[in-house]
Amino acid sequence: MSDSKVKLTVDGKELEYATIAGSVGPKVVDIRKLYAQTGMVTYDPGFTSTASCDSALTYIDGDQGVLLHRGYSIEELSEQSSFMEVAYLLLRGNLPNKGELDSFVHTITRHTMVHEQLSTFFRGFRRDAHPMAIMCGVVGALSAFYHDSTDITDPVQRMIASHRLIAKMPTLAAMAYKYSVGQPFVYPQNDLSYTGNFLRMTFSVPAEEYEVNPVIEKALDRIFILHADHEQNASTSTVRLAGSSGANPFACIAAGIACLWGPAHGGANEAALNMLREIGTPERIPAYIARAKNKDDPFRLMGFGHRVYKNYDPRATVMQKTVREVLTALNVSDPIFDVALQLEDMALHDDYFIEKKLFPNVDFYSGIILSAIGFPTDMFTVLFALARTVGWVAHWNEMISDPEQKIGRPRQLYTGPAPRAYLPVEKR
Ligand code: ACO
């Protein structure tokens, strides 16, 4: 609680609502009794002013461009830690010591295989299916394979399900890719890192030895860190809402994947690279900027703008740096990177983008790196889902273990017909 109160006058009657202060960031007005006291509900489509829960995982200051996981800045985490450390941090609350990290990595590594029957499940899909369509299906199907970790009232089962999801996502993502290119599935190999293993399952073939490139491994691990969690975004809120009914964790994560697929959310990295390729050369940039500013044109600059960041997305800064590292390591030059840099520069000097506080987000540069590594564009959102699984399970655990947790059930402003009498069909 905090000292300040918010007063509301309804039909001449003054009501007082307490405010609650978090550890950092804006206070919230506690309106839980509003409906009982006034018969009114709040109206906030898109939840722009609504805190749906309390959470100790991630803090964002959108005006300052700050992102913290359990208090640690994304810049420090992406520079100094590994995706497994960040996964531990988000799930357990603190950075692991050496022994804790080794044990966590051991546990995750031992869960990377999937039930053999799942491989036949894949064969029901068309070869040209979007891998996100496959992921929605197979991740949901995990609940049919791992019955022994679906009792959500048991904290041990909850943690086993969380480990399984984090561990099996790379295997399933690689299988989705292999299926689309008609190559055999590659089993995980336990002496590789989480990210190295994923690269090998994706890009190796049984006919040849595969060596993980450490620069690519590091870059992809960093990309996973940058995508690990982002507070109450659309897919995380979807996971929480699905989980609030008591649904099993595999079903909840499948719901999150479905939400992430949309072009306004996780699908933006694919859309951003497609856009940059369509622009193609720097001299075509002004035409696209003009289209983005035209109210009558639905076109938006993909990878630009964010619901929360009204400043540079700190993940985009790290991502831009990583593009340079990867292109240098692979000794390739991608003209699309120049288009991206110039587009960013022109947009950041344009009044429309300045006024609306539109900056590059995490998706603006990620496609260039993923494409340089060799991933086809339709796999980009799958990689996002793989990394975000860590955040999803951490939020799901946080929610289920909250004693005050209840089913999520928003209200509405009804705009349909008022009560009216039913007319038999011959009288209509
Ligand atoms: N290009 C051009 N104009 C834009 C853009 C853009 N990328 N983004 C927002 N605007 C404009 C809108 O037209 C609107 O203008 P108006 O006030 O004149 O109507 C204003 O900026 C505010 O935009 P909203 O859509 O109301 O902002 P909201 O917070 O709802 O949307 C969103 C945020 C969905 C991310 C939006 O900026 C967008 O569509 N960006 C492109 C897609 C994208 O990159 N998504 C990835 C988000 S990050 C992530 O999911 C990892």
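Student: What makes the approach of Leu301 to a nitrogen atom of the ligand a polar contact?

Tutor: A backbone N or O atom of Leu301 is 2.7 Å from that nitrogen. A polar contact is a pair of N or O atoms within 3.5 Å, so the Leu301 pair qualifies. This is a predicted model, where local features need pLDDT of at least 70, side-chain atom pairs count only at pLDDT 80 or more, and totals for chains, interfaces and linings use all residues. Residues are numbered from 1 along each chain as its sequence is written, and side-chain values use heavy atoms, leaving out hydrogens and water.

Student: Which distances do Arg300 and Tyr352 show?

Tutor: A side-chain N or O atom of Arg300 sits 2.8 Å from an oxygen atom of the ligand. For Tyr352, a polar side-chain atom is 2.9 Å from a nitrogen atom of the ligand. The protein buries 75% of the 910 Å² that the ligand exposes when taken alone (accessible areas by the Shrake-Rupley method with a 1.4 Å probe).

Student: How many residues surround the ligand?

Tutor: There are 20, and the closest are Lys295, Arg300, Leu301, Gly303 and Lys356. To be near, a residue needs a heavy atom within 4 Å of the molecule.

Student: Now the helices! Why is H7 called roughly parallel to H8?

Tutor: Helix H7 (residues 155-181) and helix H8 (residues 194-203) pack at about 20 degrees, their axes 8 Å apart. Angles under 35 degrees count as roughly parallel, over 145 as roughly antiparallel, 65 to 115 as roughly perpendicular and the rest as oblique. The angle therefore makes H7 roughly parallel to H8.

Student: What makes H3 roughly antiparallel to H7?

Tutor: The axes of helix H3 (residues 83-92) and H7 cross at roughly 155 degrees and come within 13 Å. That angle is over 145, so H3 is roughly antiparallel to H7.

Student: And why is H7 oblique to H11?

Tutor: H7 and helix H11 (residues 249-260) pack at about 45 degrees, with axes 10 Å apart. That value fits none of the other ranges, so H7 is oblique to H11.

Student: Which hand does the crossing of H7 and H8 have?

Tutor: It is right-handed, a word used if the near helix is turned clockwise from the far one by less than a right angle. H7 also passes H11 in a right-handed crossing.

How values were computed:
Polar contact = N/O pair within 3.5 Å; in protein donor to acceptor, adjacent residues only side chain to side chain. Axes fitted to C-alpha atoms, helices over the stretch in contact; angles between N-to-C directions. Helix = DSSP H or I, 4+ residues; strand = E, 2+ residues; numbered from the N terminus.
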